[in-house]
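Let's take a walk through this protein together, starting with the whole chain and working inward. Have the model open and turn it as you read.

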Amino acid sequence: MATIEECRAALERLAGNMGGADGDVRAAAGPARTVSCHVTDLDVTFAGRMADGRIEVRETLPGPPRERARIRLAMTGDDLVALVGGDLEFARAWGSGRVRLEAGLRDLLRLRKLL
């Protein structure tokens, strides 16, 4: 089982990957949005903002998200590490229910380029 530190490192790696991405992927991030990632097996939530093509994790909170972020993800720590590491395909994980993603339609259309 992935640790909180490994999950935070995976999110920081994702943020770095997004920051170094080409214009189309960076543009897909669109306007600033609040974002949360609930790691279900650790029962911890990483909360922050996505802006300028980057994700900034601002808080690590126990339990599920306290506030409703515009973009909400939920998955196990192992799945988070595997997704960021390229060992798990997002579409397959989402389709099978291993990853939950909640966002408005406009955000979902933008995120398909990122994920």
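Of the 115 residues in the protein chain, 39% count as buried. Keep in mind that what you're looking at is a predicted model. The accessible surface of the protein chain adds up to about 6700 Å², and carbon and sulfur atoms account for 50% of that.

Now for the parts list. The protein chain has five helices and five strands, and if you follow the sequence along they come in the pattern α-α-β-β-β-β-α-α-β-α. Sequence-distant pieces meet in this fold: take the contacts between residues at least 6 apart in sequence, and 62% of them join residues at least 24 apart.

Next, find the sheet. Five strands make up an open sheet, ordered β3-β2-β1-β4-β5, with mixed pairing. Its edges are β3 (54-62) and β5 (100-103), each of which pairs on one side only. Ignoring direction, neighbouring strands here are turned by 20° against each other on average. As a reminder, strands of a sheet pair through backbone hydrogen bonds, either parallel or antiparallel.

Start at the β3 edge. β2 and β3 run antiparallel and are joined by eight bridges; one pair to look for is A47 with its bridge partner E59 in β3. The two strands form a hairpin with two residues between them, and D52 takes a positive phi near 55° there.

Over at the other edge, β4 (residues 71-75) and β5 also run antiparallel, this time with four bridges between them. Here L73 has L101 of β5 as its bridge partner.

What lies across β1 and β4? That's helix α3 (residues 77-85), which runs at about 115° to β4. Within α3, G77, D79, L80, A82, L83 and V84 are buried. Recall that an α-helix has 3.6 residues a turn, so residues three or four places apart point the same way. Just after α3 you'll hit G86, which takes a positive phi of about 85°.

With the sheet and that helix in view, look at the inside. In soluble globular proteins, nonpolar side chains tend to be buried together. The largest nonpolar core in this model has 27 residues, and the ones touching the most other members are I71, M75, L80 and V99. Plenty of elements chip in: α1 (4-19), β1, β2 (44-51), β4, α3, α4 (90-95) and β5 each supply at least two residues. The largest share, five residues, comes from α1.

I71 is worth a closer look. Setting aside neighbours within four places in sequence, I71 is in contact with R33, T34, V35, S36, M50, L101, E102, A103, D107 and L111. So much for the core; one more thing a biochemist might ask about is the cysteines.

How many disulfides are there? The count comes to zero. Why doesn't C37 bond with the closest cysteine sulfur, in C7? The two sulfurs are 7.5 Å apart, too far for a bond, given that a disulfide needs them within 2.5 Å. Both residues are tucked away, too: C7 counts as buried because its relative accessibility is 0%, and C37 also counts as buried, at 4%.

Methods: Residues numbered from 1 in each chain as written. Predicted model: local features only at pLDDT ≥ 70, side-chain atom pairs only at ≥ 80, totals over all residues. Heavy atoms only, no water. Pairing = 2+ DSSP bridges. Axes fitted to C-alpha atoms, helices over the stretch in contact; angles between N-to-C directions. Contact = heavy atoms within 4.5 Å. Core = buried A, V, L, I, M, F, W, Y, C linked by side-chain atoms within 4.5 Å. Buried < 20%, exposed > 50% of the residue type's maximum accessible area, 1.4 Å probe, protein only. Areas by Shrake-Rupley, 256 points an atom, 1.4 Å probe, with all protein chains shown as cover.
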